[in-house]
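Me: Can you walk me through this one? I've got the model open and would like a quick tour.

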Amino acid sequence: MASYIRKTICPYDCPTSCGLLAETDGIRILGVKGDPDHPAAKGLICRKMRHYEKSVHSPERILIPMKRVGAKGEGRFVPMTWDDAVKEIAGRWSRILEEDGADAILPMYYSGVMSVLQRKCGDAFFNRMGACDMVRTLCSSAKGAGYEAVMGQTGCLDPRELKDSSFYLVWGSNMKATRLQSMPALIQARRQGKRVVLIESCAADMDVYCDQTILIRPGTDGALALAMMHVMEEENLADRDFLAHRTNGYEAFRKTLAPYTSAWAEEETGIPAEVIAGLAREYASAPAPAIILGSGPSRYGNGGMTTRLITILSAYTGAWGRPGGGLCGCNPGAGPYVDDRLVTRPDFRKKPGRRVNINEIASALTGSRGEKPIRSFYVYGGNPVASVCCQKGILEGLLRPDLFTVVHERFMTDTAMYADILLPATFSVEQTDVYTAYGYCTFGTARKIVEPAGQSKSNWNTFRLLARAMGYGEEYFKRTEEEMVEELLAHPMEGLTRISEKEWRILREGGVISTAFADHGSFRTPSGKMMIYNENLEEAMPRYMKSHGGAYPLRLVAVPSAYTLNSVFMDREDLSSGRGPMTLMLHPRDAAARKIADGSHVTAFNELAKVEFTAKITPVVAEGTVAAGGVYNRTFTKDGLLVNALHHERLSDIGAATTLNDNTVDVRPC
Ligand SMILES: Nc1nc2c(c(=O)[nH]1)N[C@H]1C(S)=C(S)[C@@H](COP(=O)(O)OP(=O)(O)OC[C@H]3O[C@@H](n4cnc5c(=O)[nH]c(N)nc54)[C@H](O)[C@@H]3O)O[C@H]1N2
Ligand SMILES: Nc1nc2c(c(=O)[nH]1)N[C@H]1C(S)=C(S)[C@@H](COP(=O)(O)OP(=O)(O)OC[C@H]3O[C@@H](n4cnc5c(=O)[nH]c(N)nc54)[C@H](O)[C@@H]3O)O[C@H]1N2
Ligand code: SF4
Ligand SMILES: [Mo]
């Protein structure tokens, strides 16, 4: 059969949501390329998606429903029919609902698929049931809360605006892995003689792309921001006019800066005082500096406060409103595109559900806090055993004989291994949906290109079956994916109000459009000013706050890998072979003090667990810090323990977010 090209969109948790051109013969995907018409990526896609067809047609895919026959976690399953699977799930749930109530059922999804319908449709089903309501703050919620505390609903810079910036501060983002499409702007800027400064705890990937790398002790970025503002005040470099007229609380805040000298910050951050002062001067003298803020610095007990302080720093030169000036990396949108509530249906819930924070799954499953035990755990679009903190606790919970676990997955992940019933899930090219991008002002739709492989079903179609079996008669549960997408497009929200007929045509046919950039000169806050002081917060006046830290001498941070995306792409031999073993990066002095040689096996340990890694010694990790690259799976380990076994459940100050970078360990040769 002749092949042809169809447009689609990358479904993964990545800021760009790149447009893709998939070549197909109508049955299989033959190849995938970047779509040159995509308004942000312009055809540039990462190595992971260049062979998406290898994932879609992987021999490792789960293609039929299965039932556990071995012990929990052993991974022995036998096939079953969808009918039997759905009947058994509905039967078990009906019994639990009768005996223990809906708050004994815990659904979990995170970011396996980022399109609106397939990601969020389970909310409607579990709202109807009254099940636990998961607080999904596994990623950047502290950053979101901190930014919003200062900027309200003001959109940040779209990365396409970075071409106009005059100076770049890449602050805790491994852009080479996670923001590939913004890298050309940095490279071009340097060619034009503009400076790029990196503030990192581990600069292994980004060091070579920057003019200067400043290594910072993890969790202390707030101290650096405060000291930079101190220098700018002392040396009359702050834009006082902007600060007085366009922000709230400036005068009172300024008075709090006195103790935050560069010498004080040197003690906190490990950065020499003169480097801090030099950076403050350079930043202040740039007409339109841009801070490109990653999520790393916010994944701490003080992560919300750190983000507030960095966002306030972005006001200090008055750069907002000047082309390219301000801050990039938070929410760039000029308002929502579609009405999520049409998908999540909060109206289906009769009374507020039991709230379970995603970072506290271990406690919920083990009942270690004395709360009512969870009787059933339903996982889709997530891999908590690999990607959520406190791995040992999660495994202990999953081994409970009285826990009924259902996992809807594409591969035999570390979580799927613990399922009682395993349901086969589809890939994005086998389903229809709308896509927002969290890093750019774009919006798109993608239609199904090929039929689902084997007996796999999309999240939407799976919840339709489960709803029927549970006797949920609402019209919502009878609709098709295509009808839901029509419904979403028929109720456009603010972000889609100013688009042309031609753009509507693109969306109807499947494609991506660029939407208006936010107006960074007019602040969408109640007072119309940036909020240095925010009376709605417990900590109304920003200040330096310490992170959680811990009793061990080395701080442990996570650096995303260019070969995987959290635990996604572990199925791909071509990617995992390039990536190598589970490595832990250490500074030469920390390695020497422990007699650790490059490439040797080491054990990292703390009060929670011991995890084995291969040591990589590098001077571009901050002293006193160790960095683990990305998420792996149990096949890379002897005893199945991954880096998340070393992470506590503790939450951030605001945003109730993960503090995955805020743990300490020691390391010894093994
Ligand atoms: N290839 C690839 N792409 C991805 C992902 C992936 O795993 N692989 N993950 C996706 C997801 S889910 C997300 S949320 C985004 C994340 O993308 P970003 O928000 O841009 O953040 P990261 O690139 O994760 O970078 C975090 C960086 O913070 C650094 N860091 C940690 N602690 C500190 C600190 O205290 N101070 C400073 N200054 N730096 C610190 C780490 O060394 C790391 O380099 O990327 C997405 N894209
Ligand atoms: N140590 C460490 N831990 C981390 C991070 C880190 O950098 N280091 N990153 C953190 C971040 S930023 C995030 S966002 C989280 C991510 O946390 P999760 O979203 O829980 O984890 P992923 O590893 O992305 O797993 C997503 C799973 O969804 C499945 N999936 C994909 N599409 C579909 C679908 O359409 N339907 C169904 N049913 N399943 C689907 C995939 O096969 C995959 O197994 O991890 C966090 N954990
Ligand atoms: S993973 Fe990220 S960079 Fe790669 S194609 Fe998807 S959206 Fe683009
Ligand atoms: Mo994330």
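Reply: Sure. One term before we start: two strands count as paired if DSSP finds at least two bridges between them. Keep in mind too that this is a predicted model.

Me: OK, so which strand does β6 pair with, and in what sense?
Reply: β6 (residues 105–108) runs parallel to β15 (residues 376–380), with 4 bridges joining the two. Within that pair, leucine 106 has phenylalanine 377 as its bridge partner.

Me: Which way do the β6 side chains point?
Reply: Ile105 and Pro107 go one way, Leu106 and Met108 the other, and all of them are buried.

Me: What about the largest nonpolar core, which residues have the most contacts inside it?
Reply: Leu106, Met108, Leu365, Phe377, Phe613 and Val667, in a core of 59 residues. Helix α15 (residues 361–366) gives the most to this core, with 4 residues. Domain 2 and domain 4 each supply at least three residues to this core.

Me: Where do those domains sit along the chain?
Reply: The chain is divided into domain 1 (2–55), domain 2 (64–137 + 334–512), domain 3 (155–328) and domain 4 (552–667). The C-alpha centres of domain 2 and domain 4 are 29 Å apart. Their contact takes 24 residues from domain 2 and 23 residues from domain 4.

Me: And what is valine 667 in contact with?
Reply: Leaving out neighbours within four places in sequence, valine 667 is in contact with Leu554, Leu584, Arg594, Ile596, Val602, Thr603, Ala604, Phe605 and Val626. There's also another core lying apart from the 59-residue one. That other core has 53 residues, among them Cys156, Ala225, Ala277 and Ala280.

Me: Let's do β22. How many of its residues are buried?
Reply: 5 of its 6 residues are buried, so to speak of β22 (residues 554–559) as mostly covered is fair.

Me: Which strands does β22 pair with?
Reply: With β26 (residues 625–629), in the parallel sense over 5 bridges, and with β27 (residues 663–669), antiparallel through 3 bridges. Valine 557 stands opposite alanine 627 in β26, and leucine 556 stands opposite asparagine 663 in β27.

Me: Switching to helices. Why call α17 largely enclosed?
Reply: Because 6 of the 8 residues of α17 (residues 391–398) are buried, the rest of the structure largely encloses this helix. The buried ones are Gln391, Gly393, Ile394, Leu395, Gly397 and Leu398.

Me: What do they pack against?
Reply: The buried residues of α17 pack against α15, β15, α16 (384–387) and β16 (404–409).

Me: Same for α5: which residues are buried there, and what covers them?
Reply: In α5 (residues 141–151), the buried residues are Ala142, Lys143, Gly146, Tyr147, Ala149, Val150 and Met151. The cover includes β12 (289–293), α13 (303–313), β13 (326–328) and β21 (530–531). Glycine 152 follows α5, with a positive phi near 60°.

Me: What's the strand order in the sheet that has β19 in it?
Reply: The order is β18-β19-β20, in an open sheet with antiparallel pairing. The edge strands are β18 (433–436) and β20 (511–514), each pairing on one side only. On average, neighbouring strands of this sheet are turned by 15° against each other, direction ignored. Between β19 (residues 442–446) and β20 there are 4 bridges, and threonine 442 has serine 514 in β20 as its bridge partner.

Me: Which helix packs on that sheet?
Reply: Helix α19 (residues 481–490) does, touching β18 and β19. The direction of α19 makes about 45° with that of β18.

Me: Now the N-terminal end. What does UniProt place at residues 3–60?
Reply: The unreviewed UniProt entry puts the feature "domain: 4Fe-4S Mo/W bis-MGD-type" at residues 3–60. In the model, that span is 16% helix and 31% strand, and its end C-alpha atoms lie 25 Å apart.

Me: Isoleucine 45: buried or exposed?
Reply: Buried, because its relative accessible area is 4% and the cut-off for buried is under 20%. Isoleucine 45 is in the loop between β3 (29–34) and α1 (47–50).

Me: And what is isoleucine 45 in contact with?
Reply: Setting aside neighbours within four places in sequence, Cys18, Gly19, Leu20, Lys33, Gly34, Arg50, Leu180 and Gln181. Lysine 33 is 12 residues away along the chain, with 7.6 Å separating its C-alpha atom from that of isoleucine 45.

Methods: Residues are numbered from 1 along each chain as its sequence is written. Chains are lettered from A and ligands numbered from 1 in the order in which they are written. This is a predicted model: local features need pLDDT of at least 70, side-chain atom pairs count only at pLDDT 80 or more; totals for chains, interfaces and linings use all residues. Side-chain values use heavy atoms; hydrogens and water are left out. Buried means under 20% relative accessible area, exposed over 50%, partly exposed in between (1.4 Å probe, protein chains only). A nonpolar core is a set of buried Ala, Val, Leu, Ile, Met, Phe, Trp, Tyr and Cys residues joined through side-chain atoms within 4.5 Å. Domain bounds come from an automatic or database domain assignment. Contact means heavy atoms within 4.5 Å. UniProt positions are given in the numbering used here, feature names are shortened, and annotations may be inferred rather than shown by experiment. Axes are lines fitted to C-alpha atoms, for helices over the stretch in contact, and angles run from 0 to 180 degrees between N-to-C directions.
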